[in-house]
Amino acid sequence: MKFLFKISVIFMMAVTAFIMVLATMQFWRGKEDFENPAVIWALVAVLFCFAMTMVFSLFMRKFDVRKIGFYMLHAGVVLALAGSMLYHVNGVKRLESHMIGEEHMNNPSRAEIRSVMKKSILGNKNQNVETDNIYTFDLIVKSFKVEKYETIYDLYEIEKDAQNPDAEPEYRRVMADVESINGHYDFGKYGRFNAEGLPKEDGKRVDISDEVCIVSRSPDKHYEAQLDIYDNYSSAKTSKTLMVNHPQRVNGWKIFLMSFTTSNDENDEKVPESVVLIFKYDPGEYITLAGWWFIIIGSVIACIFKIGNIGDKATNAAKRKIKKAGNST
Amino acid sequence: MSMIALKVILGIAAVGYYTATVLYWINKRRIAYITNAAAWVLNAVVVGVNWVSNGYMPFVSMYQVLTFLGLCFPLTYLYFHFINKDEWMAKYFSLCSGIVMTGVFIMNASIIWHLPPALQSVWFIPHVFAYMLSYSLCAVASVFSIVYCAYPLKDRFFKNSGNPQNGNETKNNKAEENRAHLDKGAYDLILISFPFMTMGLFFGAIWANEAWSEFWSWDIKENWALVTWAFYSIYLHCRIHKSLKKFRHIFSILGLIALLMTFQGVSFFGMNADSPHTYT
């Protein structure tokens with residue numbers, strides 16, 4: 001038993017070292033290793049062995065209800081890994097761009113847009129984009145609404161190369177996120193400007209002098225898309241509001257709102273053009289979720305039982321021994 | 001309130017925490033508690049201003065998170081003061097608060113930080129709050145481990161050969177007693193912080209599944225957070241086993257290194273640009 005425990009702890013050290021090496025490599029190589037099938041399968045193999053040691057540790061010891069935290073924690077790890085494995089083998093995830101308006105999701109001409117989005121956003125150049133319809137529903141993004149925070153400004157100093165006047169100047173950000181106070185923007189020694197005189201649109205530049213410029217930013221506060229979803233089986237139409245952090249479920253698929261793209265309208269103002277959605281089918285989602293909760297609750301229970309013993313077992317035992325010796329004499 | 005005024009308050013709070021550390025060290029307890037409490041109030045004022053100015057719990061930017069972390073050290077110490085009567089820990093907690101406040105003081109930050117849509121989630125506050133509590137406890141626990149491991153070095157470099165036999169024995173006993181305190185202290189702190197770290201890590205995963213469609217995306221910050229959790233978990237396992245027990249403090253110290261890498265290293269090396277943790 002003790003030997004098995006020792007082996008499982010040593011194995012845990014090895015798994016940690018393996019993940020640490022991958023995490024360290026990320027400083028140089030980014031996420032490249034995690035997109036390499038060899039590394040992915042090595043990771044899957046290591047995690048599978050890790051899950052097996054957890055299963056052994058669960059069944060090798062006698063059942064004791066006081067160890068419920070231990071059981072939940074270790075079973076949670078196994079469940080979470082099993083759920084993730086199910087998704088890894090049988091799940092589907094697609095990132096797509098949808099034009100706002102009346103364009104149907106299953107329109108064949110959308111294949112090209114999907115391909116472009118996959119390349120530019122996922123950066124996964126070697127992956128073949130599936131163009132066939134795998135969904136059990138059709139979808140239209142009816143409308144899209146964006147709410148913005150008040151415009152803020154960043155101030156830049158323009159540094160020109162004196163020896164090479166034709167070279168592109170360098171911009172050094174001196175002040176960031178300058179907010180309006182009582183209808184004015186205060187840029188310190190560079191001046192104080194009335195909010196009315198400054199542009200409100202995103203990404204507009206105003207040159208204060210030859211050496212200084214300010215650029216406007218209006219961060220997104222909230223955005224939501226209104227969807228019309230048509231069920232392929234029943235042809236029923238349902239309307240849903242999709243927001244960040246609030247995915248929608250349709251026929252076993254989960255739809256996530258990720259971001260949106262803009263284009264300039266006739267007044268040269270940026271308006272939303274398309275929304276970027278993720279469609280995900282994850283058969284292991286609830287198993288993984290149960291695993292995470294088991295780990296959380298298990299760790300709390302396991303540690304609370306130990307915290308009850310915090311007075312240091314050895315010291316308490318010594319105190320009891322002294323007391324016992326005193327009583328017997 | 002302007003950023004300059006806040007910086008002045010943060011500076012005074014940092015000095016207050018350091019002064020309290022020194023006072024604890026020289027056993028001026030009463031005045032140390034007062035100084036520590038005053039520094040904590042100043043720290044709380046800054047957190048309050050951040051909260052009111054932004055209209056949400058200030059857990060978004062690194063400046064906001066660090067200011068709140070400074071507040072957590074004295075709070076978590078209170079548990080050990082009143083429940084465990086571990087008053088000797090006070091100096092370590094106030095020192096850690098002082099270091100964090102110094103970091104906030106020298107950092108270039110702005111009060112207002114707009115909450116992006118992805119962070120407007122019910123999981124956001126539990127995720128950060130659990131992490132801040134656990135990081136404050138684990139940081140102090142690892143400092144205990146470092147001091148514990150440094151004790152033999154102290155004996156080697158500061159040998160006092162002139163003392164009589166009895167004096168040396170008393171000193172050795174005292175040193176052993178101190179080491180036992182540090183060992184127990186590190187264990188108690190990690191034991192309490194571990195469930196919070198677990199909550200922080202896995203609340204983050206549950207949130208990510210709602211916002212970014214994946215429980216786990218092998219993002220660099222997530223990976224280092226997992227490594228940190230694993231090191232402290234190994235520490236707890238090592239304590240149980242007789243032959244692994246001697247390695248426990250190594251894992252506590254490795255945990256601190258991984259913790260610093262997660263919390264500061266990843267953004268310091270500019271590696272979180274493409275990650276969901278880009279705001280930190």
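Biologist: How much area do chain B and chain A bury between them?
Modeller: In this predicted model, the two chains bury about 5,000 Å² between them, and 72% of that is on carbon and sulfur atoms.

Biologist: And how many residues of each chain are in contact?
Modeller: On the chain B side 59 residues are in contact with chain A, and on the chain A side the number is 55.

Biologist: Which residues in chain B lose the most area to chain A?
Modeller: Those are H114(B), F215(B) and W218(B). Together they make up 13% of what the chain B side buries.

Biologist: What about charges? How many salt bridges are there between chain B and chain A?
Modeller: The count is 2. E214(B) forms a salt bridge with K93(A), with the closest N and O atoms 3.0 Å apart.

Biologist: Which residues are joined into one network by salt bridges that share partners?
Modeller: R249(A), K254(A), E285(A) and E210(B). Within chain A, the side chains of K254(A) and E285(A) meet at 2.6 Å, N to O.

Biologist: Where do K254(A) and E285(A) sit in the chain?
Modeller: K254(A) is in strand β13, residues 253–264, and E285(A) is in helix α5, residues 285–307. The two are 31 residues apart, and the pair links distant parts of the chain.

Biologist: Are K254(A) and E285(A) buried or exposed?
Modeller: Both K254(A) and E285(A) are buried.

Biologist: How many salt bridges are there over all chains?
Modeller: A search of the whole structure gives 18. One of them in chain A pairs D207(A) with R205(A), the closest N and O atoms being 3.0 Å apart.

Biologist: Is D207(A) buried, exposed or partly exposed?
Modeller: D207(A) counts as partly exposed because its relative accessibility is 47%. R205(A) is partly exposed too, with a relative accessible area of 44%.

Biologist: Now chain B. What does K184(B) form a salt bridge with?
Modeller: Its partner is D188(B), and the closest N and O atoms are 3.1 Å apart. K184(B) and D188(B) are 4 residues apart in helix α6, residues 165–211 of chain B, so about one helical turn separates them.

Biologist: Is K184(B) buried or exposed?
Modeller: K184(B) counts as buried, at 16% relative accessibility. D188(B) is buried as well, with a relative accessible area of 1%.

Biologist: Different topic. How many disulfides does the structure hold?
Modeller: The number is 0 over all chains.

Biologist: Why is there no bond from C238(B) to the closest cysteine?
Modeller: The closest cysteine sulfur is in C149(B), and it is 13 Å from the sulfur of C238(B), so the distance is too far for a bond. The cut-off for a disulfide is 2.5 Å between the sulfur atoms.

Biologist: Is C238(B) buried or exposed?
Modeller: C238(B) counts as buried, since its relative accessibility is 0%. In chain A, C49(A) counts as partly exposed, at 36%.

Biologist: What does the secondary structure of chain A come to?
Modeller: Chain A has 6 helices and 14 strands. Of its 329 residues, 36% count as buried.

Biologist: What share of the contacts in chain A between residues at least 6 apart joins residues at least 24 apart?
Modeller: That share is 60%.

Biologist: In what order do the 4 strands of the open sheet in chain A come?
Modeller: The order is β1-β14-β13-β12, and the pairing is antiparallel. The edge strands are β1 (92–99) and β12 (248–250), each of which pairs on one side only. Neighbouring strands are turned by 35° against each other on average, direction ignored.

Biologist: How many bridges join β1(A) to β14 of chain A?
Modeller: There are 8 bridges, and β14 covers residues 270–281. As an example, H98(A) has V275(A) in β14(A) as its bridge partner.

Biologist: Last one, on chain B. Where is M101(B) found?
Modeller: M101(B) is in helix α4, residues 90–106 of chain B. M101(B) is buried, with a relative accessible area of 0%.

Biologist: What is M101(B) in contact with, leaving aside its neighbours within four places in sequence?
Modeller: The residues are L10(B), A13(B), A14(B), Y17(B), N43(B), L66(B), T67(B) and G70(B). M101(B) and G11(B) are 7.4 Å apart, C-alpha to C-alpha, with their positions 90 residues apart in sequence.

Terms used
Residues numbered from 1 in each chain as written. Chains lettered and ligands numbered in written order. Predicted model: local features only at pLDDT ≥ 70, side-chain atom pairs only at ≥ 80, totals over all residues. Heavy atoms only, no water. Buried < 20%, exposed > 50% of the residue type's maximum accessible area, 1.4 Å probe, protein only. Pairing = 2+ DSSP bridges. Axes fitted to C-alpha atoms, helices over the stretch in contact; angles between N-to-C directions. Salt bridge = Lys/Arg side-chain N within 4 Å of Asp/Glu carboxyl O. Contact = heavy atoms within 4.5 Å. Buried area = accessible area lost by both parts, 1.4 Å probe.
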